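Please look through the structure below with an eye to how its helices pack and where they leave open space. The paragraphs that follow take up the packing and then the pockets.

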Amino acid sequence: MNNHTDPLGVMPVGKLLLKFSIPAIIGVMVNSIYTLVDRLYVGRLGALAMTGIGLNFPFMSLITAFSFFIGVGASAMISIRLGQNRKEDAEKILGNSFSFLAILMILVSFFGLMFKVPILNLFGASNATIGYASDYITIILYGTIFQGIALGLNNIIRAEGNPTKSMLTMLLGTVLNIILDPIFIFSFDMGIKGAAWATLISQLVSSAWVIAHFVKGNSTLKLRMKNLVPSWRAFKEVASIGLSPFVMQIAATAVAILMNTGLKTYGGDIAIGAMTVINSVMISFTCLL
């Protein structure tokens, strides 16, 4: 192995903990700040626009679930293979994971776009909010593959011994999104569609950054064409570990759906928007803790 992974075998556990935890904490904190800033911008479009964002939370949670399914499972298996000094096998998992993410995200986009209206109605949309929610999620679904690759492969960057690079991936997408939000929402007068386009472009740049790391960057593992052919054995290995975080995220998605439908029944559209704001603040405080 090269210098990226050597410290994992010789560095004291305390120093390793700091090396990996501090970048992760910074990345998560900055991402939580973005969530607050994004809600501030969208909130200026009105309460119903905020509700439209909240209605799409289960959609976003579902995309994250599939990203974790492959990303977390692959990163764990790659860590094991690198620890066994089986770099070639680790690169096979990397290549297969890229293909798995691409396939899953294309399927999510296809079915999401085809059934978005009945799905949003299931999530608690009303006649007053369906337009906002549909405008936002349509654009997001076009870029699902970028989000999946950026989020999923970023776990592998950390697993190969590059926690700082993994943090920079999160910072890149977050900071770019914060910059683009007011430009697209207000300067280009695109409203909630502008918020979605800002997110899509940020995800596109983040995914390109991650792919470049494994293709031309100073990485331990390389993304090679020969490893992109999906393997059932690799999928089973990845799924054996990734299934647990996937199920947990699916459970969070189900909770969000039940909450939105309950809020719609007993509080109306404004209640869903208010809960969207509360969740954003709560996430920020949770990250700080």
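A crossing of two helices is called left-handed if the near helix is turned anticlockwise from the far one by less than a right angle, and right-handed if the turn is clockwise. With that convention in hand, and bearing in mind that this is a predicted model, one can start from the crossing of helix 4 and helix 8, which is right-handed. The axes of these two helices, helix 4 (57-83) and helix 8 (144-159), come within 8 Å and cross at roughly 30°. Because angles under 35 degrees count as roughly parallel, helix 4 is roughly parallel to helix 8.

The contact itself draws on residues including Met-60, Ile-63, Thr-64, Ser-67, Phe-68 and Gly-71 from helix 4, which meet a set in helix 8 that includes Thr-144, Gln-147, Gly-148, Leu-151 and Gly-152. By class, the residues of this contact divide into ten nonpolar, ten polar and no charged.

Helix 4 also packs against helix 7, residues 130-142, where the axes come within 11 Å and cross at roughly 15°. Helix 4 and helix 7 are therefore roughly parallel to each other, and their crossing, too, is right-handed. Here the contact is made by Phe-59, Met-60 and Ile-63 of helix 4 together with Ile-137, Ile-140 and Leu-141 of helix 7, and the residues involved divide into six nonpolar, no polar and no charged.

A further pair is formed by helix 2 and helix 9, whose axes lie 8 Å apart and which pack at an angle of about 10°, so that helix 2 and helix 9 are roughly parallel to each other. Among the residues that make this contact are Pro-23, Gly-27, Asn-31, Tyr-34 and Asp-38 of helix 2, and Met-167, Leu-171, Thr-174, Asn-177 and Asp-181 of helix 9. The contact of helix 2 with helix 9 has 16 nonpolar, five polar and three charged residues.

From the packing one can turn to the open space. The largest pocket holds about 1800 Å³ of space, and of the 49 residues that line this pocket, the closest to its centre are Asn-31, Thr-35, Thr-64, Gln-147 and Leu-151. Several of these names have already appeared: Asn-31 belongs to the contact of helix 2 with helix 9, while Thr-64, Gln-147 and Leu-151 belong to the contact of helix 4 with helix 8. Helices 2, 3, 4, 8, 9, 10, 11 and 12 each supply at least two residues of the lining of the largest pocket, and the largest share, nine residues, comes from helix 12. In terms of residue class, that lining divides into 22 nonpolar, 24 polar and three charged.

The second largest pocket holds about 190 Å³ of space. Its lining consists of Arg-81, Arg-86, Asp-89, Lys-92, Ile-93, Asn-96, Ser-231, Arg-233, Ala-234 and Glu-237, and the elements that give two or more residues to this lining are helix 5 (87-114) and helix 11. Which of the elements gives the largest share of the lining of the second largest pocket? That share, four residues, comes from helix 5. By class, the lining of the second largest pocket has two nonpolar, two polar and six charged residues, whereas the lining of the largest pocket has three charged residues beside its 22 nonpolar and 24 polar ones.

Technical notes:
Residues numbered from 1 in each chain as written. Predicted model: local features only at pLDDT ≥ 70, side-chain atom pairs only at ≥ 80, totals over all residues. Heavy atoms only, no water. 1 Å grid on protein atoms, 1.4 Å probe; cavity = no way out; pocket = protein on both sides within 12 Å on 5 of 7 lines; lining within 4 Å. Points joined across faces, edges and corners; volume = space filled by probe spheres on them. Nonpolar A, V, L, I, M, F, W, Y, C, P; charged D, E, K, R; others polar. Axes fitted to C-alpha atoms, helices over the stretch in contact; angles between N-to-C directions. Parallel < 35°, antiparallel > 145°, perpendicular 65-115°, else oblique. Contact = heavy atoms within 4.5 Å.
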